[in-house]
Amino acid sequence: MQATSFTFDPATRAGSVLLDDGTPVPFDAAAFDAGGLRLLRPGQRVRIRTEGEGPDRRVVFLTLQTFPDPAEG
């Protein structure tokens with residue numbers, strides 16, 4: 001799944017992304033670290049994996065759109 005980075009705090013390595021329908025979904029440091037990134041800027045297109053439904057939905061993997069997701073291959 002793809003999204004757009006919305007917020008990112010480099011101190012906590014947590015933030016949120018916007019799905020293509022505009023829904024914000026949070027991510028924590030574990031999701032950020034799983035993707036091997038060092039920094040994320042608002043507006044960057046990202047590849048994500050999520051868990052949960054509705055208000056409990058959260059990002060569990062986050063990397064740049066051009067990077068592979070190891071779970072897909």
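The exchange below walks through a predicted model, from a pair of strands to the core and then to the salt bridges.

Biologist: How do strands E2 and E3 run, and which residue stands opposite Pro-24 in E3?

Modeller: Strand E2 covers residues 14-18 and is joined to E3 by 4 bridges, the two strands running antiparallel. Together E2 and E3 form a hairpin with 5 residues between them, and Gly-22 in that turn has a positive phi of about 90 degrees. Within this pairing, the residue that stands opposite Pro-24 is Leu-18.

Biologist: Along strand E3, which side chains are buried?

Modeller: The side chains of E3, residues 24-27, alternate between two faces. Pro-24 and Pro-26 point to one face and are not buried, whereas the side chains that point to the other face and are buried belong to Val-25 and Phe-27.

Biologist: Which element gives the most residues to the largest nonpolar core?

Modeller: The largest nonpolar core has 15 residues, and those with the most contacts inside it are Val-17, Phe-27, Leu-40, Ile-48, Val-59 and Leu-62. Two or more residues come from each of strand E1 (2-9), E3, helix H1 (29-34), strand E4 (45-51) and strand E5 (58-64). The element that gives the most, with 3 residues, is E5.

Biologist: Leaving aside neighbours within four places in sequence, which residues are in contact with Ile-48?

Modeller: Ile-48 is among the residues with the most contacts inside the core. Once its neighbours within four places in sequence are left aside, Ile-48 is in contact with Met-1, Ala-3, Val-17, Leu-19, Val-59, Phe-61 and Leu-62.

Biologist: How many residues apart in sequence are the parts that the salt bridge of Arg-13 and Asp-33 ties together?

Modeller: A search of the whole structure finds 4 salt bridges, and in one of them the side chains of Arg-13 and Asp-33 meet at 2.8 Å, N to O. Arg-13 lies in the loop between E1 and E2 while Asp-33 lies in helix H1, so the parts that this pair ties together are apart in sequence by 20 residues.

Biologist: Is Asp-69, which forms a salt bridge with Arg-49, buried or exposed?

Modeller: The closest N and O atoms of Asp-69 and Arg-49 are 2.9 Å apart, and the pair joins the segment after E5, where Asp-69 lies, to strand E4, where Arg-49 lies. Arg-49 is partly exposed, with a relative accessible area of 31%. Because buried means under 20% relative accessible area, Asp-69, at 5% relative accessibility, counts as buried.

Terms used
Residues numbered from 1 in each chain as written. Predicted model: local features only at pLDDT ≥ 70, side-chain atom pairs only at ≥ 80, totals over all residues. Heavy atoms only, no water. Buried < 20%, exposed > 50% of the residue type's maximum accessible area, 1.4 Å probe, protein only. Pairing = 2+ DSSP bridges. Core = buried A, V, L, I, M, F, W, Y, C linked by side-chain atoms within 4.5 Å. Contact = heavy atoms within 4.5 Å.
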